Amino acid sequence: MKRPTLKAIAEQAGVSVATVSRALSGRGQVDEATRQRILRIAEAMGYAPDMAARSLVLRRTENIGFLIHALQSLSPHTFYGELLTAVERELRRHRYHLQFATVEDDSLPTLIKENRVDGLLLVGCDLPPSLIWTLKERRLPLVLVDNHMPGVDSVFTDNVGGAFQATAHLIRLGHRRIAFIAETLANLSFQERFEGYRRALEAHGLPFDPELVAEGERGFEGGFIAMGRLLERAQPTAVVAANDPTAASAMRAIRARGLRIPEEITVVGFDDDPLALHTDPPLTTMRVFRVRMAALAVARLLDLMRNPEQPAIHICIETQLIVRQSCGSYPIPS
């Protein structure tokens with residue numbers, strides 16, 4: 001089937017070829033009612049089979065931006081790497097393409113400056129709030145993913161509830177000296193998981209001891225550093241780690257001190273990353289539902305693109321405790 005020509009569209013619309021050209025390109029003066037009629041005719045005639053031409057006809061790019069801070073890893077089998085894969089798969093199902101960008105500060109990325117996307121997924125809680133509000137003020141549909149703030153649509157994990165559940169599980173096993181470690185507490189998700197840990201202690205009548213809290217530094221060695229600092233001043237019987245990489249490297253630090261897991265120290269992580277199955281012993285953790293998070297975020301963004309004047313909603317996704325051998329039911333060390 002031959003692709004319709006500008007002349008054919010012009011004849012159907014009862015206008016000149018030049019008017020059709022201006023309407024489809026978005027350049028030059030064309031009465032709005034006439035422009036809309038031409039766009040409808042062009043689409044009905046199948047004038048734009050390829051992406052670039054179609055975007056002219058429909059006045060959209062059919063691209064969705066995925067914006068994340070450069071601090072975060074997108075390697076395969078990492079939290080955000082798996083989330084990116086799930087988002088891309090979900091967008092493909094809706095016939096959208098993903099445009100990816102990282103940021104290091106509140107400067108606008110090129111894909112925003114050049115209007116290359118119809119909507120944005122802003123991923124992770126390291127993105128500067130100033131950048132988020134700048135994007136919000138541009139009236140570009142956007143959804144926060146694994147982050148939340150007032151007045152902005154968001155899809156995120158129940159970090160407080162998940163850490164509460166992990167800590168309560170340890171308490172039910174008989175632990176009373178339960179530590180909390182993180183790469184850093186200068187991170188909203190980790191702050192919320194710390195809050196859940198504290199709430200669980202309080203709910204079960206256990207005192208909070210700041211000596212049982214330690215930070216390391218960002219990166220895969222963060223847990224090793226945090227656990228080393230903790231063991232220099234305290235001897236917990238159980239540890240709640242802010243995420244699985246922290247838990248995994250903390251386990252190395254525990255073994256380096258000649259301590260056994262879980263007989264002498266029990267370890268619980270958070271996220272249920274693929275590495276949780278491959279630690280020694282396999283890691284008890286809180287499962288985070290990345291695929292569901294991706295599907296809900298994409299669905300909300302597409303809804304906002306259709307109806308942009310909606311009030312913001314916040315979707316909080318529950319976690320699930322996954323018990324493995326790092327958290328046994330051995331007698332608690334005295």
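Helices and strands are taken here as DSSP runs, at least four residues long for helices and at least two for strands, and are numbered from the N terminus. With that in hand, Pro262 can be placed in the loop between helix H11 (244-256) and E9. The model is a predicted one, and the description below moves from its sheets to its cores, and then to a few local details.

Six strands make up an open sheet with parallel pairing, in the order E2-E1-E3-E4-E5-E11. Its edges are strand E2 (97-103) and strand E11 (314-317), each of which pairs on one side only. From one strand to the next, the twist averages 20 degrees. Within this sheet, strand E1 (residues 63-69) and strand E3 (residues 119-123) are joined in the parallel sense over five bridges, and Leu67 has Leu122 as its bridge partner in E3. Helix H7 (residues 129-137) packs on the sheet, where it touches E1, E2, E3 and strand E4 (142-145), and its direction makes about 155 degrees with that of E4. Helix H12 (residues 290-306) lies across E1, E3, E4, strand E5 (154-157) and E11, and runs at about 165 degrees to E4.

A further open sheet consists of four strands in the order E7-E6-E8-E9, again with parallel pairing. E7 and strand E9 (266-268) each have a single partner strand, so one side of each is left without a neighbour in the sheet. The twist here averages 20 degrees from one strand to the next. Strand E8 (residues 238-241) can be followed to its partners on either hand. Four bridges join E6 to E8 in parallel, with Ala179 partnered by Val239 in E8. E8 and E9 pair in the parallel sense over three bridges; in E9, Val239 has Val267 as its bridge partner, and Val240 has Val268.

Which residues of E8 are buried on its two faces? In a regular strand, side chains alternate between the two faces of the sheet. Ala238 and Val240 lie on one side of E8 and Val239 and Ala241 on the other, and all are buried, so that both faces are covered. Helices accompany this sheet as well: helix H9 (residues 188-203) lies across strand E6 (178-182) and E7, at about 175 degrees to E6, while helix H10 (residues 222-233) lies across E6, E7 and E8, at about 140 degrees to E7.

Ala214 offers a closer view of the edge strand E7 (residues 213-215), in which it lies. Its relative accessible area is 5%, and because the cut-off for a buried residue is under 20%, Ala214 counts as buried. Beyond its neighbours up to four places away in sequence, Ala214 touches Phe180, Ile181, Ala182, Ala226, Leu230 and Arg233. The C-alpha atoms of Ala214 and Arg229 are separated by 6.7 Å, although the two residues are 15 apart along the chain.

The largest nonpolar core has 70 residues, of which Val87, Leu121, Ile181 and Met227 touch the most other members. Leaving aside neighbours within four places in sequence, the contacts of Leu121 include Ile64, Phe66, Leu67, Val87, Val143, Val145 and Leu301. Apart from this core lies another, of 17 residues, with Ala101, Leu111, Leu140 and Met149 among them.

Helix H3 (residues 32-44) has 13 residues and reaches 18 Å from its first C-alpha to its last, close to the 18 Å expected at 1.5 Å a residue. Buried in H3 are Thr34, Arg35, Ile38, Leu39, Ile41 and Ala42. Why do these buried residues share a side of H3? They cover an arc of only 165 degrees around the axis, which puts them on the same side of the helix. An α-helix has 3.6 residues a turn, so residues three or four places apart point the same way. Ala33, Arg40 and Ala44, on the other side of H3, are exposed.

Some backbone details complete the picture. Most residues other than glycine have a negative phi, and most peptide bonds are trans. A cis peptide bond nevertheless joins Ile261 and Pro262, with omega about 5 degrees. The bond from Asp280 to Pro281 is also cis, with omega near 0 degrees, and Pro281 sits in the loop between E9 and strand E10 (285-287). Phi is positive at Asn115, near 55 degrees; Asn115 is in the loop between helix H6 (110-113) and E3 and, at 55% relative accessibility, counts as exposed. Arg139 has a positive phi near 60 degrees. Arg139 lies in the loop between H7 and E4 and is exposed, with a relative accessible area of 63%.

Definitions and conventions. Residues are numbered from 1 along each chain as its sequence is written. This is a predicted model: local features need pLDDT of at least 70, side-chain atom pairs count only at pLDDT 80 or more; totals for chains, interfaces and linings use all residues. Side-chain values use heavy atoms; hydrogens and water are left out. Two strands pair if DSSP finds at least two bridges between them. Axes are lines fitted to C-alpha atoms, for helices over the stretch in contact, and angles run from 0 to 180 degrees between N-to-C directions. Contact means heavy atoms within 4.5 Å. A nonpolar core is a set of buried Ala, Val, Leu, Ile, Met, Phe, Trp, Tyr and Cys residues joined through side-chain atoms within 4.5 Å. Buried means under 20% relative accessible area, exposed over 50%, partly exposed in between (1.4 Å probe, protein chains only). The expected span of a helix is 1.5 Å times one less than its number of residues. The arc is that of the directions from the helix axis to the C-beta atoms.
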